[in-house]
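Me: I would like to learn how to read a model like this one, feature by feature. Could you take me through it slowly?

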Amino acid sequence: MNNGVRVKISALGTYVPPRVLSNHDLEKMVETSDKWIMERTGIRERHLADKGIATSDLGAEAAKQALCRRGMKATDLEALIVASVTPDMMFPATACLIQNKIGATGIWGFDISAACSSFLYALQVGTQFVKTGAQKRVMVVGADVMSSIIDYTDRATCVIFGDGGGAVILEPADDGLGMIDYLHEIDGSGACSLYMPGGGSLNPPTHETVDKKMHYVHQDGQAVFKFAVRKMAEVCDTLLKRNGLTGKDVKAFIPHQANKRIILNTAERLGMDLDKVIINIDRYGNTTSATIPLAMQTAIDEGRLKKGDLVLLAAVGAGFTVGAALLHWAY
Ligand SMILES: CC(C)(COP(=O)(O)OP(=O)(O)OC[C@H]1O[C@@H](n2cnc3c(N)ncnc32)[C@H](O)[C@@H]1OP(=O)(O)O)[C@@H](O)C(=O)NCCC(=O)NCCS
């Protein structure tokens with residue numbers, strides 16, 4: 001993957017809706033406690049979108065911030081890839097809605113859905129376009145309004161998720177920095193461990209699918225947890241080894257924020273110093289496609305991500321989907 005044009009992230013933008021739902025708020029909604037949620041997940045609070053605010057709204061805000069920071073006009077972009085499991089609608093693609101909201105006329109784009117690995121997969125697809133020279137400026141947006149598919153009477157899922165958006169711009173790198181390598185894998189045998197059964201072609205929406213709560217996230221938490229700790233470490237380890245690296249070489253480990261225990265377990269298995277691990281799940285919960293860009297922003301804000309740093313990204317999600325990417329931070 002080192003041959004040809006190197007591709008870098010040249011700008012980052014993020015957005016979370018202002019409304020905060022704390023663990024103490026949840027204590028009043030379901031039988032749970034701040035102590036249980038903190039101990040089992042590491043989450044203290046999450047941001048939720050108000051009614052009428054959609055994934056494209058969060059994505060467009062993050063996109064505008066990334067463009068502004070890069071000093072680029074929306075029309076300078078050539079492609080827009082949107083990662084999400086909560087598109088505004090089944091169709092048109094959320095990419096079209098964000099393209100229109102930011103005024104990026106004359107570009108092309110599409111959506112990618114790989115659950116919590118969506119952003120990582122979209123980042124790789126965008127990288128390939130720039131790498132081949134087909135496009136020079138590609139935006140990748142990861143955004144989700146998870147609250148639109150969560151049952152707020154189900155304590156096993158409602159404490160975990162939050163809403164948010166992030167965006168990066170990909171461009172050719174002329175200084176040797178940028179994306180180095182990636183390793184992704186899907187395993188559909190895990191499809192029944194985390195899914196939303198209703199609304200698709202298998203179970204189109206009916207009164208019955210609504211009554212049976214089929215339009216909400218269903219998960220076998222322990223099965224997901226076990227897969228996550230095993231596979232996230234495995235792909236990261238293989239990726240590091242084939243690049244002649246170990247966990248000790250990584251300056252910032254920026255994983256998908258699903259559960260603090262999954263993140264720490266993965267870091268330990270990789271022999272990483274825990275001060276290299278970026279965690280912000282306490283503030284945002286699991287925002288699905290937005291966790292990695294939000295965590296990148298946290299790393300920058302905390303002064304833990306600098307130009308030239310070796311960064312390891314990793315994600316795991318429904319599907320199952322899993323993946324990791326190595327890069328040198330480029331600005
Ligand atoms: C969901 C998750 C936090 C549950 O934690 P856990 O330690 O595995 O807990 P369990 O599912 O074994 O449940 C233990 C008990 O806590 C209860 N419980 C579940 N949610 C609870 C909550 N919010 N508050 C209090 N108790 C809760 C269960 O009912 C169970 O009670 P029981 O022993 O009386 O049956 C954890 O499994 C997890 O994070 N899994 C991965 C999920 C994930 O990351 N999904 C997105 C993937 S990208």
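**Reading the domains, a sheet and the ligand shell**

Reply: Let us begin with the domains, keeping in mind that this is a predicted model. The domain assignment divides the protein chain into domain 1, residues 6-174, and domain 2, residues 180-328.

Me: How far apart do the C-alpha centres of domain 1 and domain 2 lie, and how many residues does each domain give to the contact?

Reply: The size of an interface is often expressed as the accessible area lost when the parts come together. Here we can look at distances and residues instead. The C-alpha centres of domain 1 and domain 2 are 14 Å apart, and the contact between them takes 41 residues from domain 1 and 39 residues from domain 2. On the side of domain 1 that touches domain 2, the elements giving two or more residues are β1 (6-15), β3 (45-47), α5 (118-132), β6 (138-145), α6 (155-158) and β7 (163-173). By residue type, that side of domain 1 divides into 21 nonpolar, 14 polar and six charged residues.

Me: In what order do the five strands of the open sheet run, and why is one side of β1 and of β5 left without a neighbour?

Reply: Strands of a sheet pair through backbone hydrogen bonds, and the pairing is either parallel or antiparallel. In this case the five strands follow the order β1-β7-β6-β4-β5, with mixed pairing, and the sheet is open. Because β1 and β5 (108-112) stand at the edges and each has a single partner strand, one side of each has no neighbour in the sheet. From one strand to the next, the twist averages 20°. For a single pair, take β4 (residues 79-83) and β5, which run parallel and are joined by five bridges; within this pair, L80 stands opposite G109 of β5.

Me: Which helices pack on the sheet?

Reply: Helix α3 (residues 55-70) lies across β1, β4, β6 and β7, and runs at about 120° to β1. Helix α5 also packs on the sheet, where it touches β1, β4, β5, β6 and β7, and its direction makes about 170° with that of β6.

Me: Which residues are closest to the ligand, and what kinds of residue make up the shell?

Reply: The ligand is surrounded by 20 residues, of which T32, C116, R155, G221 and A258 are the closest. Elements that give two or more residues to this shell are α2 (34-41), α6, α8 (221-242) and β12 (310-317). The shell divides into ten nonpolar, eight polar and two charged residues, and it draws at least three residues from each of domain 1 and domain 2.

Key: Residues numbered from 1 in each chain as written. Predicted model: local features only at pLDDT ≥ 70, side-chain atom pairs only at ≥ 80, totals over all residues. Domains from an automatic or database assignment. Contact = placed C-beta atoms within 7 Å. Helix = DSSP H or I, 4+ residues; strand = E, 2+ residues; numbered from the N terminus. Nonpolar A, V, L, I, M, F, W, Y, C, P; charged D, E, K, R; others polar. Pairing = 2+ DSSP bridges. Axes fitted to C-alpha atoms, helices over the stretch in contact; angles between N-to-C directions. Near = placed C-beta within 6 Å.
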